[in-house]
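Reader: Hello! Could you take me through a single part of this structure, the sheet and what packs around it, in some detail? I would enjoy a connected account.

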Amino acid sequence: MRTVSARTKLALCLASTILAAAPAVAKEAARVPAGGLACDDSLKAAFQPADDTQVLQVQQVRKGDAFPNPTMDQLVYPEVPTSFGADMCWVKLLVGPGSAGPADAPSTSKGIGIEVWLPAKAAWNGRFHAIGGSGSTGSEEAVLGKISSWTGGIDTRSAPRVAAEEGAVTSTTDSGKGADREFSFMMLPDGSLNKAGLRDWNERALLEQAVKTKALITAYYGKPARHSYFDGASGGGRQAFHILQNVPGQYDGIIAGVAALNWVEMLANQWPGIVIMNDLGGKAPSAGQVDLVVNKAIAACDVVDGRHLGFVIDNKACRYDPTKDKSVLCATDGGSNETADCVSLVIARALNKMWYGPTRDGSVPDPAVDNGWLAHPSGNRLWYGQPRGTDLKGWARISGMLGADNYAVLAGDPTIATAGFKNALGSGQDKWKTWSYAEYAAAWDGLQKVRAEWDMSATDPDITAFQKTGAKFINLTHVNDLPLLSQGALDYYDKVAAKMGGTAELRKFYRMFVAPGLAHGPDNGTPNPAANPPAPARGQMYNLLVDWVEKGEEPRNLIFTTATKEVSAMDAFAGAERPQVSLPVCEYPTHLSFVGGDIFQAASYTCK
């Protein structure tokens with residue numbers, strides 16, 4: 001018999017509270033005219049779902065009007081439309097009380113901003129399609145006249161674009177952070193924890209986004225949505241997992257992509273920097289050196305039926321060791337490479353450490369014994385590392401992410417944090433770079449001690465409350481995701497399966513798919529310019545969820561095909577021969593297995 005965790009009891013209690021509030025929602029709906037509210041200033045007075053909620057903006061936009069500012073998908077993909085694709089009503093809400101404090105403090109907030117896009121009444125498809133935020137979220141939901149520029153679904157589409165293309169109502173939230181995209185909001189000016197802001201960021205904003213958007217839908221259209229879905233990637237994927245665990249009952253289906261669910265373990269992003277500081281005297285390997293070694297790893301591990309696929313599909317079997325590869329080692333270290341990109345044994349060992357992941361003492365086992373791919377962290381090993389084949393050149397970028405910022409808040413010392421961190425006590429000065437291996441391990445342990453109190457990581461394996469709602473959940477993880485280690489999602493799935501009665505029981509409402517070769521976005525995650533890993537088509541994953549919820553069609557092994565449009569500038573390699581590829585994307589815990597034929601075609605593989 002399964003025990004029910006304290007968090008699950010809280011989630012069940014929260015669901016009961018929401019149901020108890022139904023009469024108030026019905027009362028609000030009773031005041032709505034038969035045809036619904038108009039898209040003008042009259043909506044501000046007519047829509048009053050709660051005393052804590054203020055309507056900041058109501059604006060009619062027309063098809064073809066230019067966006068007032070770029071959206072996230074526009075910033076990443078050059079071919080994305082820059083104008084509205086349909087007539088819509090653009091509404092901004094603010095839900096108090098927020099977090100009090102000095103006007104210039106990052107922790108100060110007037111409340112939770114929510115941006116809603118309402119298709120024309122004749123065009124609405126009856127669905128509510130909520131969109132998650134990226135990074136640590138924070139965007140322009142409460143800024144008049146600005147579109148949220150840091151939100152997007154699993155296929156990166158912005159909320160106004162989804163609303164126009166699908167005819168669904170969409171909404172996003174700034175999680176109570178306003179437009180600040182750094183993690184400085186978590187620390188009050190005196191250095192203490194911003195508990196009110198953290199509560200909004202973790203869960204309350206997600207509940208308010210769902211409840212207030214649904215109330216507005218009923219008021220505007222004169223009837224509720226038929227189905228409601230949440231769709232988030234990266235930081236929005238973390239939000240999806242928080243909803244799964246802590247805010248059940250609001251959505252019929254949830255989809256999470258490249259999810260930052262292991263938020264406390266973001267400190268693993270500092271690991272490459274720790275290795276470079278401790279082992280290489282602070283001098284990072286050159287881009288040419290990194291590409292040389294990683295491409296050698298790919299070439300050693302991507303062979304299928306005697307041909308090179310361009311990216312690795314069997315990471316468990318990939319045990320490439322540059323310390324034993326004379327073709328990459330400099331002649332002075334016993335190798336045969338005499339180019340400027342040759343690597344020393346010290347650099348080769350450092351790359352093995354980055355691949356293996358954080359350890360307490362900086363040691364790493366022989367890859368022939370343990371390559372670090374799926375063994376659950378324990379003992380000396382703290383967390384996972386990047387699988388061989390991932391483009392590692394961005395170590396400085398990922399080291400500038402949020403792991404050290406989390407610990408700076410715990411220590412009450414903003415100078416430990418990365419350069420973007422702001423506080424009255426001082427600014428981030430990257431002092432984490434001075435840590436020894438032992439100091440890094442101590443910081444890791446300190447964050448683990450507060451993970452339950454802070455509730456940042458969405459990793460509670462007891463999802464009984466969600467299971468009871470009858471809703472569905474799909475997770476897509478990309479193997480070569482540089483900032484968010486893909487093994488963390490697999491680790492969580494294993495723990496949930498163990499808690500919820502096994503994989504067969506879990507598959508009734510929770511499916512996870514693992515896509516090899518892809519980066520944090522739907523782009524090539526390797527430094528191999530000829531690699532062309534297939535990515536999901538626009539709307540493919542969301543439609544899979546909708547069909548499961550509304551038609552009862554179970555998601556089975558997918559097929560991704562190389563994208564031909566909206567190719568990211570980051571993925572453009574002039575002159576490289578890039579074969580068209582289609583591959584099955586297997587449902588975890590199955591994996592790709594070649595059965596014969598063209599190695600670039602899905603029909604040549606099975607999942608087993």
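Author: Happy to. Let us begin with one residue pair: the bridge partner of Val514 in β13 is Cys586. Val514 brings us to strand β11, residues 510-515, which pairs with strand β13, residues 582-587, in the antiparallel sense over 2 bridges. Please keep in mind that this is a predicted model.

Now for the sheet as a whole. It is an open sheet of 11 strands with mixed pairing, and the order runs β1-β2-β3-β5-β4-β6-β7-β10-β11-β13-β12. The edge strands, each pairing on one side only, are β1 (53-61) and β12 (558-561). On average, neighbouring strands of this sheet are turned by 20 degrees against each other, direction ignored.

Two helices that pack on the sheet deserve a look. Helix α7, residues 235-246, touches β5 (169-173), β6 (227-233), β7 (253-257), β10 (472-478) and β11, and its direction makes about 135 degrees with that of β6. Helix α17, residues 540-551, also packs on the sheet; its contacts are with β4 (127-131), β6, β7, β10, β11 and β12. The direction of α17 makes about 160 degrees with that of β10.

Aromatic rings are worth following too. Ring pairs link Phe241, Phe473, Tyr492, Tyr493, Tyr510 and Tyr588 into a cluster. Counting through the model gives 27 aromatic pairs. In one of them, Trp383 and Tyr384 have ring centres 5.0 Å apart and planes at 70 degrees; planes over 60 degrees apart count as edge-to-face, so this pair is edge-to-face. Trp383 counts as buried at 8% relative accessibility, and Tyr384 is buried with a relative accessible area of 1%. The rings of Tyr440 and Trp444 make a tilted pair, with centres 6.2 Å apart and planes at 40 degrees. Both of these residues, Tyr440 and Trp444, are buried, and they lie 4 residues apart in helix α13, about one turn of the helix.

Helix α13 has a packing partner of its own. Helix α12 (residues 403-411) packs with α13 (residues 437-454) at an angle of about 75 degrees, the axes being 10 Å apart. That angle makes α12 roughly perpendicular to α13. On the α12 side the contact involves Gly403, Asn406, Tyr407, Val409 and Leu410, which meet Ala443, Gly446, Leu447, Val450 and Trp454 of α13. By class, the contact has 7 nonpolar, 3 polar and no charged residues.

Key
Residues are numbered from 1 along each chain as its sequence is written. This is a predicted model: local features need pLDDT of at least 70, side-chain atom pairs count only at pLDDT 80 or more; totals for chains, interfaces and linings use all residues. Side-chain values use heavy atoms; hydrogens and water are left out. Axes are lines fitted to C-alpha atoms, for helices over the stretch in contact, and angles run from 0 to 180 degrees between N-to-C directions. Angles under 35 degrees count as roughly parallel, over 145 as roughly antiparallel, 65 to 115 as roughly perpendicular and the rest as oblique. Contact means heavy atoms within 4.5 Å. Ala, Val, Leu, Ile, Met, Phe, Trp, Tyr, Cys and Pro count as nonpolar, Asp, Glu, Lys and Arg as charged, and the others, Gly among them, as polar. Two strands pair if DSSP finds at least two bridges between them. Rings of Phe, Tyr and Trp (its six-membered ring) pair if their centres lie within 6.5 Å; planes under 30 degrees apart count as stacked, over 60 as edge-to-face and the rest as tilted. Buried means under 20% relative accessible area, exposed over 50%, partly exposed in between (1.4 Å probe, protein chains only).
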